[in-house]
Amino acid sequence: MSNLAQLTSEGLLPLESPPDGGGSGGQDFLHYLLRKLAAAVISFVMLLVIGFIIFSLMPSDPVAALTRGRPTSAKQLAFLTRQLGLNQPIWERFAHFVGHTLTGNFGYSWQFDTPVSTLILQRLWPTILLMGSSTIVSIVVGMWLGIRSGWRPGRLLDRVSTGSSITLWSVPTFWLGIILLVLFSVGFGPIPALFPAGGMSTPGTVGGLTPDHILDVLRHLVLPCITLVLVVFAQYQLIMRSSMLDEMGNPYLLTARAKGLRDSEVRRKHAVPNALLPSVTIIFLQVGGIISGAITVETVYSWPGLGYLTFQALKIPDLPLLEGTFIIFSASVIVFNLLADLAYRYLDPRVRRA
Amino acid sequence: MTTVSQAPAATTAPPRFEGLRRFSRQFAASPTAMAGLVILLAITVLALVAPLFIPQTALEVVNATGRSLAPPSAHFPLGTDQAGRSVLTLLIWGTRPSLAIGVIATGFTMIIGTAIGLIAGHYPGATGRLLMMVTDWFIALPGLPLAIALAAVLGQGDSSITIAIAVTSWPGTARLIRAQTLAVEARPYIERAKALGARDTQLVIRQVLPNVAPFVLVSATLTVAGAILSETTLTFLGLGNPTDVSWGSMINQAFNQGAVSDGAWWYLLPPGIAIVIVVMGFMLVGRAVENILNPRLTSPS
Amino acid sequence: MTTQPNGTGRPDNTLQPGALQPYVPRPAESGDADGTPLLEVRDLAVTYRSGADDVRAVRGVNFTLRAGQTLGVAGESGCGKTTVALSLLRLLPVSARLSGQILFRGEDVIGLGWQKLRAVRWAQASVVFQGAMSALNPVQTIGDQIREPILLHEQVTRREADLRTAELLDSVGVAARRQASYPHELSGGQRQRVMIAMALACRPDLIIADEPTTALDVIVQAQILSLLTGLVADRGISMLVISHDLSVLGETCDRLAIMYGGRLVELGPSRQVLAEPEHPYTAILSRAFPRLGDPTSRLAPAGLAGEPPDLRGEMPGCPFAPRCPEVMPECRTHDIELWPAGPQRESACIKVLGDDAGQRPAETRAGESGAAQGVGTPLGLSRPRAEMSAAEGAEASSGLVPPQGGSSAEPPVLEARALRVVFPGRRGRRPARAVDNVNLAIGRGEIVALIGESGCGKSTLARALVGLVEPADGEVRYEGAALGYSGPALRSHRRHVQLVLQDPAAALNPRQTVFDAVAEGPRVHGLRAGLNERVYTALTRAGLRPPEQFMSRYPHELSGGQQQRVVIAGALALDPSVLVADEPVSSLDASVRGEILKLILSLRNEYSVASLIVSHDLGVAWNIADSVAVMYLGRIVEAGPVAEVLLRPRHPYTQALLSVLPDAHTGEPAPVLAGEPPDPTAIPSGCRFHPRCPRLAALPPGDARAELCRSAPVPVLPAMPAVRSAAAVTADAAAGSIAACHLELPHPLLTGPGQPSSQGAS
């Protein structure tokens, strides 16, 4: 029976949808939103399960794992055992875990002796600043190059930009960061030390929204941002180029040419809007990749964000802190996936008015 | 009728492996693809023969013969590290763990990803939807934080890095293979085979798999590239086997032990360049195979 | 419009074949009677650069188009007709090299600068592309897309452009409020209407229509064609129509050009070219679209053996010589060009040059089957070879008696009884009743044609008969036994009933050789003993001779016709009793179509293989079927012997299908149906055809029967008893047809639903 054709009613109906007045967009959108929200919630629940498995079940002796190879006092051992609740049944531990996670209570960081949530809040803004600035620059540069490369494949611009994208994709982020650090911060040969070596601001200066401080932060931002852009824009370039190539053979472009539009108008008005649709989704989904880049870049430049915090937690290893950052990173990916779905629906009339 | 078996010899029909031959011809015609292939062959040979001319003892800190962080010289073509070991020796030896972990992790990725992709594509009903839900949950997990968490919990070492990489990279493969399986399953020749009475296993093995296999190959090449990058990143972050010499651990030590402030470029540059070359080798080969399978990407219209 | 007295009019519809009345002087003779022609193409050649070998797609094409005239260019795929069309506005890909002259109002388009070229595009010559779904931008509203060229080429305000867009949509029969719709929200016919509105947007002098109605259903096709020709004639626009379908062009165009191998082989007034082809290729093409009621094409499909020419490199002599049934030795050496062949006619055949026209061919191709000799004969009646063809047709018919002509009491070999297939609705859609209570029987050795528009459920019915779709209700019977839906039962069913699919290129696994593709069935059923012989025999029977030459080839190395033969061989390898063929020839070129139909016919004649041919094309039924069933919205609305149903249709839907054919011989004139193909998720109450029924619409107001049509369900037709093919040729009229229509006279078979009477066939 299983080899009966998996025909659906869509396979049978004439390809064109029956003519109707466009449908009731509002209610459809609510359904769509609810469906996507539900999917996001399920993803989050699964994230909790995976987090619980990794941080509570997998360490055969979490206390030993926490203190591996380091002298640990009896007081610390007792504290850890109590904190991890190892003597409780598994469901109770999971319930505790979920409850704590949902209230933002990830426990105390072992090395900072501060609530994990406090640490995360402190380090959130630097990460958003770094990731946001580099993502915007990457999208602008990557999409522009991708559009141009895909429109005229095989030309010089395509070969140069695609070649450098492939090369930059192959470069380990942390190593690129170190090289830029040596070149422009330590100074190498004739190149003077142009930018500060690490951190987010010069130690000892006053914070706040003074022009001096903002300029100082920007100076610190330049190198980490460039490093991240160099690695991330390559992905956007390749995605956008491939989307453009997918559109190239489409007859509606021939229609546009036949109408007498200039080549650039055909590209701008017809090819790009269509090529953007698949790209936007993929670009939103790249946020996981940017997070990975941010962890290594922040580590290299000691940028006081969540990535550097993860690295600091890793060295101990400080499991409550690792767990906190893991949950935050993963939750943000789920949120961006949701945004991707909504953006796609907004951009594509075929989905919008289906 | 008995002439049937001898028939091919008498006719002008193309030989059996015509497809493979055409593929090789197209592959050989692409300079970048050949460059990638040469890189991969050279690096693989180097990794395999390294123990023949580099004794294990040359890697131990106590046996170091040079100065700390000495620039390149006749004796040490790439200079020395902070312990006085030859960077060239470390570099050659470092090929081994990077390649090994990349390839093994990719093997796991391919097995899990292809199996799940094929099953989800062939049974697009409840089974397929469930499998894809699980896949999507894993895709929603950011790769490096998950790998860090896993490696941190499992402890330092090659096996935990391998597992961490496999766990984070199989969902992509599963999605690709599922999409390809769905595309193949929608082709009329599958319906024809069904109408001839083929069972599910016959369908998947005789019709679907041969058409999906090339995409598994492409995915594998690109996954190795990604896996090597992940391996070096995790090792750089200190999650690798602390006693082993790999490219990631070399950069880690260079970074943590003063090579940056001393401007010891001979210690910093070679492992990074080695990573770029190997990763690009896999990338170039993978993209070339992809372009041959999907000619739209190459032919300028 | 022009000074030409007849230049604006369409050809005289009463023109009789053979009456060669000049209505437009040829350019060579008329010269400067009315100045320069609108479009003059001189020695146009197009070469595509691809790798080592250049493809010379167009090799010296000359024609002239005057203002207000319409010219059709016909030919099979790969003949260069679309390349010619696109080259007129230089829309070819960059790999194409053009030479020659394209004089548009005396100005050479090939030499035009980009700026000037863009000004010509759309403002003076616009295009109606095929497949409006992909030719319209999916993310722009249709209003924006129609407005775009207006705003681009003319100094108008947005308001004026809006007004004109609304007018244009109105003129093509699309409500102006649909401006804000996206292409996917329109039906296929509406999208093509939007394409036409767009083409008219800048009031061009020339419209280039590239396969304007391909992929549309026959009735929608007729609507679009009449709309297009009407609008163009009203506005005095010239038109160049490209099509593979001669009947489309014959209806639409004043003059017709036939292309083969990148050249024009014949040019002349449409009716004359169709009625009295000068070139053998034209004759074959026009025979490939049979005229219903023409006895020479009944049970004798016309095809053309051989492969299309290779467009790489030189082609000495006549490109058609290798396939020409009337080839002479000089054909292979003489350079061929269009020569005058009577007033207004030109033909690129050496016959027209001298007295040797009436001579018998010096060399006749030995065809694979006897019918191959008849393929070159035209439909016309005034030539000696036409008689030859008629004689051969009769001869062929008399040989069509199946070896074992079963009596009508014998149970059908494959049968659907009260079959229903329902697809569950998804995403808020209602369930689709694709097949809704159908009775259908296929007798041993009988060929049944199942005809209907897309979405009528004919393909689903075919798949249900093969056991690929499980019915919701009713049963499929093979040799009287109901089909069970367990794995083993299905597998044994699938040994006897084989499916042949529409697109042979897609139906073959690209990674399997011909041998593996044919051996697939026997292997699946564990028939490993004598596998080689089985494959060898199957390939031979499917006409791939000698089989050794094909066994190790891959599908992409074969032509479309050969691929379809491989698919059929794969079915024959299991020695089936029935072939269920879903549109077996609709993706094939006209000349190949006949070859495949001949094969299906010969399988019945020689091996008694019955067939169900699913098609949208009534010509297929006329060509090979014994009986025909017409399906509408999940039901069979009319069934009976071919000659009966096609020549004396009783159901208004059948009449509508027939009325759109160019040479329809229907008793009463039925208007082209309005509306779109119906939706199986929303089946109307009463007679399911009533919302579109012209007969209901013609009833006087207050007629009591109208209420019957609207609310009373029509009785379900019983399965027709098998038509014996011997009778099908000679005594069709004796067997009646049955139609599911309230307004039809009660038929003896319809005395009670589901109670078939045995009188029908005798």
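Student: What makes chain C a chain of mixed confidence in this predicted model?

Tutor: The mean pLDDT of chain C is 80, and 82% of its residues reach 70 or more, where pLDDT is the predictor's confidence in each residue, from 0 to 100. Over residues 664–670 of chain C, however, pLDDT stays under 50, and the model has 16 contacts there beyond four places in sequence, two residues being in contact if their C-beta atoms, placed from the backbone, lie within 7 Å. This is a predicted model, in which local features need pLDDT of at least 70 and side-chain atom pairs count only at pLDDT 80 or more, while totals for chains, interfaces and linings use all residues. Residues are numbered from 1 along each chain as its sequence is written, and chains are lettered from A and ligands numbered from 1 in the order in which they are written.

Student: Why is strand β20 of chain C called largely enclosed?

Tutor: A residue is buried if 20 or more other C-beta atoms lie within 10 Å of its own, exposed if 12 or fewer, and partly exposed in between, with C-beta atoms placed from the backbone. Six of the six residues of β20 (residues 610–615) of chain C are buried, so this strand is largely enclosed by the rest of the structure. A610(C), L612(C) and V614(C) cover one side, and S611(C), I613(C) and S615(C) the other.

Student: How do you know that β15 and β20 of chain C pair?

Tutor: Strands (E, at least two residues) and helices (H or I, at least four) are DSSP runs, numbered from the N terminus, and two strands pair if DSSP finds at least two bridges between them. Strand β15 (residues 447–451) of chain C has five bridges to β20(C), in the parallel sense, with L450(C) opposite V614(C). Strand β19 (residues 578–582) of chain C also pairs with β20(C) in the parallel sense over five bridges, and V578(C) has A610(C) as its bridge partner.

Student: Which strands of the open sheet β14-β13-β16-β17 in chain C are called edges, and why?

Tutor: The pairing in this four-stranded sheet of chain C is antiparallel. β14 (432–442) and β17 (481–482) of chain C each have a single partner strand, so one side of each is left without a neighbour in the sheet, and these two stand at the edges. Within the sheet, β13 (residues 414–423) and β16 (residues 473–478) of chain C pair over five bridges, and R420(C) has D473(C) as its bridge partner in β16(C).
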